[in-house]
Amino acid sequence: MPSHFYHRKLPHFQPAEATFFVTFRLAGSIPVEVIRRLRENYDLVQKGILEQKDLTEKERRELVYAEQKRLFAATDDFLDMNLNEPYWLKEKAVAEIVANEMKMHDEQWYTLWSYCIMPNHVHVLLTLLEKAPVLTKVMQNIKGYSAQKSNRILGFSGQFWERESYDHVVRKDGEFERIVHYILQNPVKAKFVKDWADWPFTYLHPDLAIV
């Protein structure tokens with residue numbers, strides 16, 4: 001599978017057969033003004049990077065990547081510290097729909113390593129397989145079908161998911177383990193449970209072990 005670039009609001013690189021940490025959230029779960037502030041800061045920093053004349057293309061890409069990672073982290077931190085409505089994912093039937101959609105293409109399009117379904121957002125760690133669609137198509141599939149089914153249960157007809165997902169390429173030694181730990185500890189950090197295994201909407205691949 002070749003590497004892909006895509007552009008929506010955040011242009012970035014999608015390496016072939018990469019491991020991705022993805023966060024997707026319910027529509028309206030982050031106030032518009034917060035998103036605007038984060039994006040304005042990101043755009044300003046990225047503009048400065050692109051205008052630097054003494055950088056190689058590789059250096060420029062690395063700096064942009066670092067800024068995208070910071071934006072991802074800032075968005076993620078806001079979600080974890082501010083569990084804003086709506087809370088549709090607290091509904092067991094809705095959470096099960098989302099979980100089943102993520103499991104649907106496990107070992108067909110990707111290896112599903114871990115996920116956690118929180119009340120208004122989802123964290124997932126996966127590795128794309130050789131014949132998988134690009135990540136954007138994978139996420140469109142998961143979000144599209146889960147939105148249709150969830151809206152049917154909720155009797156809702158509006159936008160279910162925020163259109164854009166936030167993804168981060170996992171590529172440094174030790175980062176994979178840190179992200180798995182972060183995902184599993186999300187409900188513990190939010191004080192929903194004392195042990196991650198007690199949260200019903202958390203998954204860990206059977207080949208992984210928590211020491």
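**View 1. Arg 25 and Glu 162, a salt bridge across the chain.** In this predicted model, Arg 25 counts as buried, because its relative accessibility is 3% and the cut-off for a buried residue is under 20%. The side chain of Arg 25 meets that of Glu 162 in a salt bridge, with 3.6 Å from N to O. This pair links distant parts of the chain, since Arg 25 belongs to strand β3 (residues 19-25) while Glu 162 sits in the loop between α4 (135-154) and β6 (166-170), 137 residues apart. Glu 162 is partly exposed, with a relative accessible area of 21%, whereas Arg 25 is buried. Side chains of opposite charge can pair when their charged atoms come close. A search of the whole structure finds 5 salt bridges, and the pair of Glu 162 and Arg 25 is one of them.

**View 2. Gln 159 in the loop between α4 and β6.** The place of Gln 159 is in the loop between α4 and β6, and Glu 162 of the previous view is found in that loop as well. With a relative accessible area of 33%, Gln 159 counts as partly exposed, because this term covers values between the 20% that bounds buried residues and the 50% above which a residue is exposed. A polar atom of the Gln 159 side chain lies 2.8 Å from the backbone oxygen of Trp 161, and a polar contact of 3.1 Å joins the side chains of Gln 159 and Arg 163. Leaving aside residues up to four places away in sequence, Gln 159 touches Ala 27 and Trp 88. Although Gln 159 and Leu 26 are 133 residues apart in sequence, their C-alpha atoms are 8.5 Å apart in space.

**View 3. Helix α2 and two of its salt bridges.** Helix α2, which covers residues 57-81, has 25 residues and reaches 36 Å from its first C-alpha to its last, close to the 36 Å expected at 1.5 Å a residue. Glu 57 forms a salt bridge with Arg 60, in which the closest N and O atoms are 3.8 Å apart. Because these two residues are 3 apart in the helix, about one helical turn separates Glu 57 from Arg 60. Glu 57 is exposed, with a relative accessible area of 55%, while Arg 60 is buried, with a value of 13%. Further along the chain, a salt bridge also joins Glu 67 to Arg 70, with the closest N and O atoms 2.4 Å apart. Here too the residues are 3 apart in α2, and so about one helical turn lies between Glu 67 and Arg 70. Glu 67 counts as buried at 12% relative accessibility. The buried residues of α2 include Val 64, Tyr 65, Leu 71, Phe 72, Phe 78 and Leu 79, and among them are also the charged-pair members Arg 60 and Glu 67.

**View 4. Strand β4 between its partners β5 and β7.** Strand β4 (residues 110-117) is mostly covered, for 8 of its 8 residues are buried. Strand β5 (residues 121-128) runs antiparallel to β4 and is joined to it by 7 bridges, and the two strands form a hairpin with 3 residues between them. Within this pairing, Thr 111 stands opposite Thr 127 in β5. Strand β4 also pairs with strand β7 (residues 202-204) in the antiparallel sense, over 3 bridges, and here Tyr 115 stands opposite Tyr 203 in β7.

**View 5. Ser 114, a buried residue of β4.** Ser 114 is found in strand β4 and is buried, with a relative accessible area of 0%. The side chain of Ser 114 reaches the backbone oxygen of Tyr 203 at 2.9 Å. Apart from residues up to four places away in sequence, Ser 114 touches His 123, Val 124, Leu 125, Ile 183, Leu 184, Tyr 203 and Leu 204.

**View 6. The whole chain and the confidence of its prediction.** The protein chain comes to 5 helices and 7 strands, which follow one another from the N terminus in the order β-β-β-α-α-α-β-β-α-β-α-β. Of its 211 residues, 48% count as buried. Among contacts between residues at least 6 apart in sequence, 70% join residues at least 24 apart. The chain averages a pLDDT of 85, and 90% of the residues score at least 70. Over residues 1-13, however, pLDDT stays under 50, and for this stretch the model has 38 contacts beyond four places in sequence.

Key. Residues numbered from 1 in each chain as written. Predicted model: local features only at pLDDT ≥ 70, side-chain atom pairs only at ≥ 80, totals over all residues. Heavy atoms only, no water. pLDDT = per-residue confidence, 0-100. Contact = heavy atoms within 4.5 Å. Buried < 20%, exposed > 50% of the residue type's maximum accessible area, 1.4 Å probe, protein only. Helix = DSSP H or I, 4+ residues; strand = E, 2+ residues; numbered from the N terminus. Pairing = 2+ DSSP bridges. Polar contact = N/O pair within 3.5 Å; in protein donor to acceptor, adjacent residues only side chain to side chain. Salt bridge = Lys/Arg side-chain N within 4 Å of Asp/Glu carboxyl O. Expected span 1.5 Å × (residues − 1).
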